[in-house]
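Hello,

Here is the structure you asked to look at. Please open it first, then read the notes below.

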Amino acid sequence: SDVFLTRHGARIDKEDRHWLSKAGHHRRDDPQLSAAGHLGAAELAAKCHQLHQERPFAHIVSSPFVRCVETALAVAKSLELPIKVEPGICEILTVYPPGFLDAEDLQKDFGSIDLSYQPFLPRSQLHGENSDFQAAQRAAKTAKALREKLPGRILFVGHGASCLGIAGAFGREDYVGYTSLSHFVYDGTWRVKTFNAVEHLSDKETSLA
């Protein structure tokens, strides 16, 4: 079955250096989406809804960091699917231990979380990292395991480094832009159908910056 991949939308800390003092928490590695990020997520959701009508998605798998969950949430509501929270595709762990919330707390804050989902790589099995390569390797291993385990079309929602690894696992190891959409298909071997597509976005430049 097919794999789709996106990166979270534009993040607030890139626009407002005082964001943490307004956030209501002290998780400095867990910024939320900016207004532009929410717009990108909504436009991604509209594109995924169109694809869902043609052939349904079965799973939305997201990093537990808020910027990914907020991006996934827009899609989840549009497709009426829950979000599977997977620490194995989280951000590079230069900040360790990571500040992301557990699935139960994300459910309280956002809803639409699949609390029955058992992560491939739970928080307890993560460790500190100092390179995109380490995060990419971890994410690639996770995504390949989930592709074997979960039937049907999957959308992964990750970060720069984790998306690098996931893309590499399915045919092209390269970075992807904010709320872009990549599509990988299997016909005896994995190949790229579309990569880093931004036609659905009104702000293509920010995505591809």
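Start with one term: helices and strands here are DSSP runs, numbered from the N terminus. Keep in mind that the model is predicted.

**Second largest pocket**

Three elements, H2, strand E5 (181-186) and strand E6 (190-197), each give at least two residues to the lining of the second largest pocket. E6 supplies the most, with three residues. The pocket's volume is about 180 Å³. Its lining includes Phe-4, Lys-47, Leu-51, Arg-153 and Leu-181. His-183, Lys-193, Thr-194, Ala-197, Glu-199 and His-200 line it too. By class, that lining has four nonpolar, three polar and four charged residues.

**Largest pocket**

The largest pocket holds about 240 Å³ of space. It is lined by 15 residues. Closest to its centre are Val-85, Ala-103, Glu-104, Tyr-117 and Pro-119. What classes make up the lining of the largest pocket? There are 10 nonpolar residues, one polar and four charged.

**Nonpolar cores**

Now look at the largest nonpolar core. It has 23 residues. Cys-48, Phe-57, Ile-60, Val-75 and Leu-155 have the most contacts inside it. Two helices and three strands are worth colouring here: H2 (35-54), H3 (66-79), E2 (57-62), E3 (83-85) and E4 (153-158) each give two or more residues to this core. H3 gives the most, with seven residues.

Val-75 is a good residue to click on. Which residues is Val-75 in contact with, leaving aside its neighbours within four places in sequence? They are Leu-44, Ala-45, Cys-48, Ile-60 and Leu-155. Apart from this core lies another, of 20 residues. Among them are Leu-5, Ala-140, Cys-163 and Phe-184.

**Cysteines**

How many disulfides does a search of the whole structure find? The count is zero. A disulfide is a covalent bond between the sulfur atoms of two cysteines. The cut-off for calling one is a pair of sulfur atoms within 2.5 Å.

Why does Cys-90 have no such bond? The closest cysteine sulfur, in Cys-68, is 9.1 Å from the sulfur of Cys-90, so it is too far for a bond. Cys-90 is also buried, with a relative accessible area of 0%.

Cys-163 is in no disulfide either. Its nearest cysteine sulfur is again that of Cys-68, 7.1 Å away. Cys-163 is buried, and its relative accessible area is 0%.

Best wishes

How values were computed:
Residues are numbered from 1 along each chain as its sequence is written. This is a predicted model: local features need pLDDT of at least 70, side-chain atom pairs count only at pLDDT 80 or more; totals for chains, interfaces and linings use all residues. Side-chain values use heavy atoms; hydrogens and water are left out. A nonpolar core is a set of buried Ala, Val, Leu, Ile, Met, Phe, Trp, Tyr and Cys residues joined through side-chain atoms within 4.5 Å. Buried means under 20% relative accessible area, exposed over 50%, partly exposed in between (1.4 Å probe, protein chains only). Helices (H or I, at least four residues) and strands (E, at least two) are DSSP runs, numbered from the N terminus. Contact means heavy atoms within 4.5 Å. On a 1 Å grid over the protein atoms alone, a cavity is a set of points where a 1.4 Å probe fits but cannot get out, and a pocket is an open set with protein on both sides within 12 Å along at least five of seven lines; lining residues have an atom within 4 Å of a point. Grid points are joined across faces, edges and corners, and a volume is the space filled by probe spheres set on the points. Ala, Val, Leu, Ile, Met, Phe, Trp, Tyr, Cys and Pro count as nonpolar, Asp, Glu, Lys and Arg as charged, and the others, Gly among them, as polar.
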